[in-house]
Protein chains: 2
Amino acid sequence: MRIGELSHRTGVPTRLLRYYEEQDLLHPERGDNGYRRYPESAVADVQQIRGLLDSGLTTEMIRAILPYLAGPGELHPPAECVTPETAALLHGHIERIQSRIDCLARNRDRLSAYLAAVRPHPR
Amino acid sequence: MRIGELSHRTGVPTRLLRYYEEQDLLHPERGDNGYRRYPESAVADVQQIRGLLDSGLTTEMIRAILPYLAGPGELHPPAECVTPETAALLHGHIERIQSRIDCLARNRDRLSAYLAAVRPHPR
DNA sequence: CTTGACCTTCACACTGATGTCAGGCTCCGA
DNA sequence: TCGGAGCCTGACATCAGTGTGAAGGTCAAG
């Protein structure tokens with residue numbers, strides 16, 4: 001599909017789709033006329049990117065982990081070419097994500113506790 | 001304590017401590033000489049703010065929820081003055097935080113799964 | 001063949017979080 | 001009393017993520 005349809009189906013402005021490509025997060029092909037052509041899977045890819053950006057990750061971090069985020073099942077980057085360094089990097093990313101989760105969960109709990117304490121019988 | 005000590009104890013540059021004040025996240029008193037004076041609790045406050053910023057929240061969102069994040073025990077903003085509108089706003093914030101957590105957790109799981117699949121016997 | 005919708009690149013501008021620097025005040029120790 | 005360390009405010013710069021617009025190419029429908 002072309003950029004307009006992808007934008008329309010994901011709700012992401014074309015400006016950003018081009019930006020994500022510039023940031024190496026998307027890799028559409030080009031038709032003979034120079035138009036970008038996206039595969040069907042790009043819709044999910046874009047939603048994935050949006051979710052991660054909204055969650056506070058930078059494009060740099062997303063670029064680093066995106067290749068390893070294929071759905072459960074097929075290993076997209078083959079196991080053979082994963083060096084120990086890569087594995088360590090990935091592990092670092094996982095830990096950074098985890099600490100974000102911990103922080104958010106802790107504060108979500110505090111907010112919930114406050115709300116529960118203030119309004120014990122919500123109805 | 002003054003801003004220098006707070007900066008030194010939290011690792012946050014004075015520039016940011018002043019910025020957080022400008023953003024209404026910190027409220028130090030002022031001495032006769034115009035110097036900011038922070039209570040001991042500011043150390044924890046600053047760490048809280050940093051954690052939330054690092055987790056992708058904006059100062060605006062932090063400003064909205066910060067009053068309700070006192071430790072478990074005392075209700076800092078008294079229950080009486082919590083209107084249903086405020087409660088609804090808080091609930092919205094909780095949901096936004098939750099969706100971030102969900103997104104991050106989902107991707108953490110994918111990364112972990114990939115790592116586990118690639119290196120079944122890590123030692 | 002023209003019109004309009006869609007695409008291209010390029011560029012400038014904005015916001016939020018942050019870095020950095022300048023000019024001036026306060027305070028303490030030599 | 002002087003010097004330096006620490007504080008003040010204010011301004012400008014940077015970076016990432018976005019918004020917006022100009023100038024022009026492509027294509028299908030009338």
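Begin by selecting α3(A) and α5(B) in this predicted model, where α3(A) passes α5(B) in a left-handed crossing. The two axes come within 9 Å and cross at roughly 120 degrees, with α5 of chain B running over residues 84-118. Showing side chains here brings up Q48(A), G51(A), L52(A) and D54(A) on α3(A), and facing them R100(B), C103(B), N107(B) and R110(B) on α5(B). By class, this contact has two nonpolar, three polar and three charged residues.

Next, widen the selection to the whole contact of chain A with chain B, which takes 37 residues from chain B and 37 residues from chain A. Between them the chains bury about 3,600 Å², and 74% of that area lies on carbon and sulfur atoms. On the chain B side, colour L104(B), L111(B) and Y114(B), since these supply 21% of the area that chain B buries against chain A, more than any other three residues.

Now turn to DNA strand D and select the 20 residues around the strand, of which Y19(A), T59(A), G4(B), Y35(B) and R36(B) come nearest. Sugar and phosphate account for 65% of the strand D atoms that come within 4 Å of the protein. Two phosphate contacts can be picked out: a backbone N or O atom of T59(A) lies 2.6 Å from a phosphate oxygen of DNA strand D, and a side-chain N or O atom of R18(B) is 2.8 Å from a phosphate oxygen of that strand. For a contact with a base, centre on Y35(B), where a polar side-chain atom lies 2.6 Å from a base nitrogen of DNA strand D. Among the helices, α2 and α3 of chain A and α1 and α2 of chain B each supply at least two residues of the surface near DNA strand D, and α2(A) gives the most, with four residues.

Finally, move to DNA strand C, which is surrounded by 20 residues, the closest being G4(A), R18(A), R36(A), Y19(B) and T59(B). Sugar or phosphate holds 73% of the strand C atoms within 4 Å of the protein, and the rest belong to bases. Zoom in on R18(A), whose side chain has an N or O atom 2.7 Å from a phosphate oxygen of DNA strand C, and then on R36(A), where a polar side-chain atom lies 2.7 Å from a phosphate oxygen of the strand. A side-chain N or O atom of R15(B), by contrast, is 3.0 Å from a base oxygen of DNA strand C. To finish, highlight α2(B), which gives the most to the surface near DNA strand C, with four residues.

How values were computed
Residues numbered from 1 in each chain as written. Chains lettered and ligands numbered in written order. Predicted model: local features only at pLDDT ≥ 70, side-chain atom pairs only at ≥ 80, totals over all residues. Heavy atoms only, no water. Near = heavy atom within 4 Å. Polar contact = N/O pair within 3.5 Å; in protein donor to acceptor, adjacent residues only side chain to side chain. Axes fitted to C-alpha atoms, helices over the stretch in contact; angles between N-to-C directions. Left-handed = near helix turned anticlockwise from the far one by under 90°. Contact = heavy atoms within 4.5 Å. Nonpolar A, V, L, I, M, F, W, Y, C, P; charged D, E, K, R; others polar. Buried area = accessible area lost by both parts, 1.4 Å probe.
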